[in-house]
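Please walk through this structure step by step, beginning with its charged contacts and moving on to the strands that carry them.

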Amino acid sequence: SDDDTGVDNASSVVLVNAIRLRSITRFQNNDVQITGNGANGQTVTIEGSTDLQNWSPVGTANSISNTFQFLHPNPPGAIRYYRGKVP
């Protein structure tokens with residue numbers, strides 16, 4: 001509403017494909033395995049970052065029965081952050 005009795009409203013439907021990274025494990029050979037839930041039947045894009053500001057895709061994983069797994073072979077850098085996205 002505004003100061004001269006004007007009123008407006010709107011609504012929208014939002015589809016959310018929640019993704020949860022359950023575990024991230026670094027093996028002795030430096031490979032990183034990511035296991036997650038969500039995005040059933042869709043392709044999840046895995047992105048990596050070293051500073052939480054700049055993100056780059058590192059690969060994709062298919063979510064089957066609401067679970068996905070991705071192996072990042074020997075990623076560069078000692079510290080790396082990951083996130084999953086559904087395009």
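**Salt bridges and the sheet**

The count of salt bridges comes to two. Keep in mind that this is a predicted model.

Take the pair of Arg83 and Glu47. Their closest N and O atoms are 2.6 Å apart. Arg83 belongs to strand β6 and Glu47 to strand β3, so this salt bridge ties together parts that are 36 residues apart in sequence. The cover on the two partners can be read from their accessible areas. Arg83 has a relative accessible area of 33% and is partly exposed. Glu47 has a relative accessibility of 8%, and because buried means under 20%, Glu47 counts as buried.

Glu47 also meets Lys85 in a salt bridge, at 3.4 Å from N to O. Here Glu47 lies in strand β3 and Lys85 in strand β6, so the pair links parts 38 residues apart in sequence. Lys85 is partly exposed, with 37% relative accessibility. Which residues do the shared partners join into one network? They are Glu47, Arg83 and Lys85.

Now turn to the strands themselves. Strands of a sheet pair through backbone hydrogen bonds, and the pairing can be parallel or antiparallel. In this model, three strands form an open sheet. Their order is β4-β3-β6, with antiparallel pairing. Which strands stand at the edges? They are β4 and β6 (81-85). Each has a single partner strand, so one side of each is left without a neighbour in the sheet. From one strand to the next, the twist averages 25 degrees.

Look at the pairing of β3 with β4. These strands run antiparallel, and six bridges join them. One point of contact can be named: Thr45 has Thr60, in β4, as its bridge partner.

The loop between the two strands comes next. β3 covers 43-49 and β4 covers 56-62, and Leu52 sits in the loop between them. Leu52 also belongs to a nonpolar patch on the surface. Which residues form this patch with Leu52? They are Ile79 and Tyr81. Together, the three residues have about 290 Å² of accessible area.

Back to the charged network to close. Glu47 is buried at 8% relative accessibility. Its partners Arg83, at 33%, and Lys85, at 37%, are partly exposed. Salt bridges with shared partners hold Glu47, Arg83 and Lys85 in one network.

Definitions and conventions: Residues numbered from 1 in each chain as written. Predicted model: local features only at pLDDT ≥ 70, side-chain atom pairs only at ≥ 80, totals over all residues. Heavy atoms only, no water. Patch = residues over 30% accessible without salt bridge, like charges linked within 9 Å, V, L, I, M, F, W, Y side chains within 5 Å. Areas by Shrake-Rupley, 256 points an atom, 1.4 Å probe, with all protein chains shown as cover. Salt bridge = Lys/Arg side-chain N within 4 Å of Asp/Glu carboxyl O. Helix = DSSP H or I, 4+ residues; strand = E, 2+ residues; numbered from the N terminus. Pairing = 2+ DSSP bridges. Axes fitted to C-alpha atoms, helices over the stretch in contact; angles between N-to-C directions. Buried < 20%, exposed > 50% of the residue type's maximum accessible area, 1.4 Å probe, protein only.
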